Amino acid sequence: MEKITVQVPATSANCGPGFDSLGLALELYNIFTFTPDETATVNKYTFSGFDAETLAKEDQSQNLVGQAMGAVFQKANTEPVYGLIHSETVIPPSRGLGSSSTAIVAGLLLANRLLSKPLTAHDLLVLANDIEGHPDNVAPALLGNLVCAVNHPNELLYTTVALPEELLFAVVVPEVSVSTEYARSVLPKMIAHKEAVANVSHATLFVTALLQHKLDYLRIALEDYLHVPYRKTLIPHCDEVFNAALKAGAYGATISGSGSTLIAYCPRSTAQTVANRMGDVFNTNNIPCRTYVLKADTMGARYV
């Protein structure tokens, strides 16, 4: 058996008001390679890129790529195949860009390639959702584009939306770690009915503005009351970065996932300037950061 390689895009979950339901794929990729070994009884792991040394020291029995591969073999009721899994991490981990979701989706695709009767994309997404616990990162990582997903008790429902080609994303990743667990712990257990209504209207406006190319509406549509007001307290100078993005020509800005990455939705003509100004805020305050100008990924995870 020959080695198998997949690349999986970064994702920006929540998209402002779409908490745990909206997510978009971005053209920044982690790459995973599986080399089967017929004599192996467990997987071995190697790493390169961001935090490679740290990842190598972790308990590999909890490795998400291996767990996802095992879930596919179990679902297909077939004997697992083991070997060497190499992860090349280009997406900054633990920063709200779906790095862990890339590992889950990669494991699903790697194992699925080894099946005589591969699982469907829907089957893979259900497995990914079971592992991750919510679909807003794994769905766009697998499918690409913007994904609207509902984790209903009876069924996982989802639709995809192609994003306007003129829309780019200015992304700034500060050297500030915000764990998903801690980011969820700061959220209130209840919110006012008025704020819930606002979020419904903003999420609806967000999707329809993209469909109708009314991108100026994004400034309002990206406003959120469920998570951003609470999570931005965990990210130094968050409001200042948002304001810098708007002044530089962004349509709107929000937190990517649970943070600490901040993302601005931009016209092509201002995207690089927006990214620079966002980064300037952190640099001025002696917080190292990385900036990117990214397109939306339209294909999702794929074999390479």
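**Exercise 1. Find the acidic partner of Arg95 in this predicted model, and say which parts of the chain the pair ties together.**

Step 1. Look for the partner. Arg95 forms a salt bridge with Glu175.

Step 2. Check the distance. The closest N and O atoms are 3.4 Å apart. The cut-off is 4 Å, so the pair qualifies.

Step 3. Place both residues. Arg95 sits in the loop between strand 4 (83–89) and helix 3 (99–112). Glu175 sits in the loop between strand 7 (167–174) and helix 6 (180–185).

Step 4. Conclude. The two residues belong to parts 80 residues apart in sequence, so the salt bridge ties those parts together.

Step 5. Recall the principle. Side chains of opposite charge can pair when their charged atoms come close.

**Exercise 2. State how the chain divides into domains, and how many residues each domain gives to the contact.**

Step 1. Take the assignment. Domain 1 covers 4–162 + 299–303. Domain 2 covers 167–295.

Step 2. Get the separation. Over C-alpha atoms, the centres of domain 1 and domain 2 are 24 Å apart.

Step 3. Count the contact residues. Domain 1 supplies 25 residues and domain 2 supplies 38 residues.

**Exercise 3. Give the area buried between domain 1 and domain 2, and name the residues of domain 1 that lose the most.**

Step 1. Choose the quantity. Interface size is often given as the accessible area lost when the parts come together.

Step 2. Read the value. About 2,300 Å² is buried between domain 1 and domain 2. Carbon and sulfur atoms give 62% of that area.

Step 3. Rank the residues. In domain 1, Pro17, Phe19 and Arg95 lose the most area to domain 2. Together they make up 30% of what that side buries.

**Exercise 4. Count the polar links across the interface, then describe the side of domain 1 that touches domain 2.**

Step 1. Count salt bridges. The rule gives two across the interface of domain 1 and domain 2. The full count by this rule is six.

Step 2. Look at another salt bridge. Arg184 and Asp20 meet through their side chains, at 2.8 Å from N to O.

Step 3. Add the polar contacts. Across the interface of domain 1 and domain 2 there are 15 residue pairs in polar contact.

Step 4. Assign the strands. On the side of domain 1 that touches domain 2, strand 1 (4–13), strand 2 (22–36) and strand 5 (146–151) each supply at least two residues. Strand 2 gives the most, with six residues.

Step 5. Sort by class. This side of domain 1 has 15 nonpolar, seven polar and three charged residues.

**Exercise 5. Describe the backbone at Ser260 and at Cys15, and locate each residue.**

Step 1. Take Ser260. The peptide bond from Gly259 to Ser260 is cis, with omega near 10 degrees. Ser260 lies in the loop between strand 8 (252–255) and strand 9 (262–267).

Step 2. Take Cys15. Its phi is positive, about 50 degrees, although Cys15 is not a glycine. Cys15 lies in the loop between strand 1 and strand 2.

Methods
Residues are numbered from 1 along each chain as its sequence is written. This is a predicted model: local features need pLDDT of at least 70, side-chain atom pairs count only at pLDDT 80 or more; totals for chains, interfaces and linings use all residues. Side-chain values use heavy atoms; hydrogens and water are left out. Domain bounds come from an automatic or database domain assignment. Contact means heavy atoms within 4.5 Å. Buried area is the accessible area (1.4 Å probe) that two parts lose on being put together, summed over both. A polar contact is a pair of N or O atoms within 3.5 Å; within protein, one must be able to donate a hydrogen and the other to accept it, and residues adjacent in sequence count only if both atoms are side-chain atoms. Helices (H or I, at least four residues) and strands (E, at least two) are DSSP runs, numbered from the N terminus. Ala, Val, Leu, Ile, Met, Phe, Trp, Tyr, Cys and Pro count as nonpolar, Asp, Glu, Lys and Arg as charged, and the others, Gly among them, as polar.
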